[in-house]
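Reader: Could you take me on a close look at the interior of this protein? I would like to hear about the packing of nonpolar side chains and about any enclosed empty space.

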Amino acid sequence: MKRGEVVGGYRVITEPTNNGGGNCVWAFGERDKEQVFIKCFLEPKRPRPDSTASEKSKRLRLQACEEFEKRHRTIMKMLKPDASGGGNLVLAKELFYEGSTYYKITERIETSSLATPADLDSRQKRVLLRTLVLSLKQLHDIGVVHGDLKLDNVLVQKRSKRAFYTTKLIDFDDSYVSGHPPDAESIGGDVRFGAPEWQRYVRQDGSVRPDFLTTASDIFALGLMAHYYLTGALPGFPDGYDSAADAVNAEKPLRLDGRLASETRELIKAMTARSPGSRPGVDVLLERLRDERIFVLNKKSEFTPSPPGSTVPREPKPSRVSTNMNGKRPVAPSVTEPVKSAGKRTSRVRINR
Amino acid sequence: MENALVRKQHGLAYAVDIVFCIDVTYSMEPVLENVKKSALTFRDRLESVMREDGKVISQLRIKVVAFRDFADNADDALEQSGFLNLPEQASEFAHFVQKLRPNGGGDIPESGLEALAVAIDADWESGLDRRRHVIVVFTDAPAHPLGTPDAKAANTYPKGMPESLDELLEKWGYTHSQSATMENSAKRLVLFAPDCAPWMGIAEEWNRTMHFPSNAGDGLEEFEMTEIINTIANSLT
């Protein structure tokens, strides 16, 4: 995929990048004045029409392509935009191939950053979290696990100055039917937000069967994210552990912000329990989110965990290098990149104004 | 701060193997100097980018395959290191890279596909939890087809070379492949190569492959290597 190229009728208008996605590249595109998000999959690849490979080779590659299409189209069919909460899911518009390569088209959501979600008042936080849980409910009610729930896959929108912040959930390419995950080598997910059972599954330590990976795995990630939206930081964990899942697997407690109400800390503890069966489902969460005390941050902090990662801003720089490019200068894909001075941390929460 | 490359007792252990296939013919001099400089800071820069994403590399190994043209001069057509652990073998890695000299090459196409084949056959890590096997090709030229008689006649031509690009694709592999050398979920190929055959075809048809364009004689700007490092780091997720 190259900037300026036409793919599926959409003209690629930004430099493709693999930023944020290990096995795909993406860019923004445009057709009939409508702007879209184009994802170009690096796998599978179809044999070229003029391929001189053996029939067996072509057949095996096409088999992988058929499986890929089936999995994606199944999820696309199950996620209906008109269902309750469905408006908060950024769903795929099209899946197609051109040449050897598969592409997926989704709506482009303009985003900018919310630097300090913890500074929102409790009403705003409540709406923010509620819309996120409602989005997830739509997946969980039909038995679908998001599979890669993390801050980067939640876009925050604010339609007008006086409106509340709401969320849109994106990227369902790692989704799977609850209890039926891909094999351990292929499963997606992010080590920072992955659930303890996900981590053990990936490690193939023999303690986790595939049916252990259910919608409860998303709840673990949601617990970490809720802590972030409420306090501005992810929960901490002891030195010597690489992730929350890592610590929880070792039965070490996560460090939660002391400013949170006790009800909130108990809720997040439950959401991040080691046992998937102990975590509340989305319906229970929606009920708990009715309690306004959940969103209150008291003044004194017993502990302030580190903000998520230490993301250094990569300001757009002129460059010849771009993916599958013809030497044109890449442009930062977001409409506005967060700009911050050295030492400050970038929020992964993006807002559409 | 604890050295992030020290193997952790807990968590997912990432083993990252990277093979640099570097065209060291004369026209690559501007690129080679920057590759040399970047190679020496590569570990730190990669670690830094990975840390931003909360990922820790438990083991990093780098191998270099430097290539020219078997049909032009068999004696200097291919030089390769073994896999070198970083940081423990950083000085050996630095020494190998520093002694590379841009010269020779003869005609325009080079032996890039042979170098890629050698890289595919490298002794990749097979343990730990999450493995990433990355091949990065730096060249400003097209490649001779595999199986060219002039190249095969060279007394230094590696044994067991594929005879065609189709055979090389089978070694690279794909999902359900029964003959692949590379581990499908672990592998990544990053091409810094011209928009011409065979590189365009490889970028189009091979899975888990990304392509950056290169132009003969142009230097590799510092920020472009940053993007390449970022691309490599992003591909490790």
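Author: Happy to! Let's start with the largest nonpolar core, which has 57 residues. Those with the most contacts inside this core are A:L139, A:L169, A:F172, A:L222, A:M225 and A:Y229. Please keep in mind that the model is a predicted one.

Several elements of chain A give two or more residues to this core: helix 2 (122-141), strand 8 (144-145), strand 9 (154-157), helix 3 (196-203), helix 4 (215-231), helix 5 (244-249), helix 6 (262-271) and helix 7 (282-288). Helix 4 of chain A gives the most, with 10 residues. In soluble globular proteins, nonpolar side chains tend to be buried together.

A good residue to centre your view on is A:M225. Leaving aside residues up to four places away in sequence, A:M225 touches A:L132, A:L149, A:K150, A:L151, A:V154 and A:F193. Apart from the largest core lies another one, of 37 residues, which include B:V31, B:V35, B:F42 and B:V134.

Now for the empty space. There are eight cavities of 30 Å³ or more, and the largest has a volume of about 140 Å³. This largest cavity is lined by 16 residues, of which A:G147, A:G194, A:A195, A:W198 and A:S217 are the closest to its centre. Sorted by class, its lining has eight nonpolar, five polar and three charged residues. Here you meet helix 4 of chain A again: this helix gives the most to the lining of the largest cavity, with three residues, just as it gives the most to the largest core.

Note on methods: Residues numbered from 1 in each chain as written. Chains lettered and ligands numbered in written order. Predicted model: local features only at pLDDT ≥ 70, side-chain atom pairs only at ≥ 80, totals over all residues. Heavy atoms only, no water. Core = buried A, V, L, I, M, F, W, Y, C linked by side-chain atoms within 4.5 Å. Buried < 20%, exposed > 50% of the residue type's maximum accessible area, 1.4 Å probe, protein only. Helix = DSSP H or I, 4+ residues; strand = E, 2+ residues; numbered from the N terminus. Contact = heavy atoms within 4.5 Å. 1 Å grid on protein atoms, 1.4 Å probe; cavity = no way out; pocket = protein on both sides within 12 Å on 5 of 7 lines; lining within 4 Å. Points joined across faces, edges and corners; volume = space filled by probe spheres on them. Nonpolar A, V, L, I, M, F, W, Y, C, P; charged D, E, K, R; others polar.
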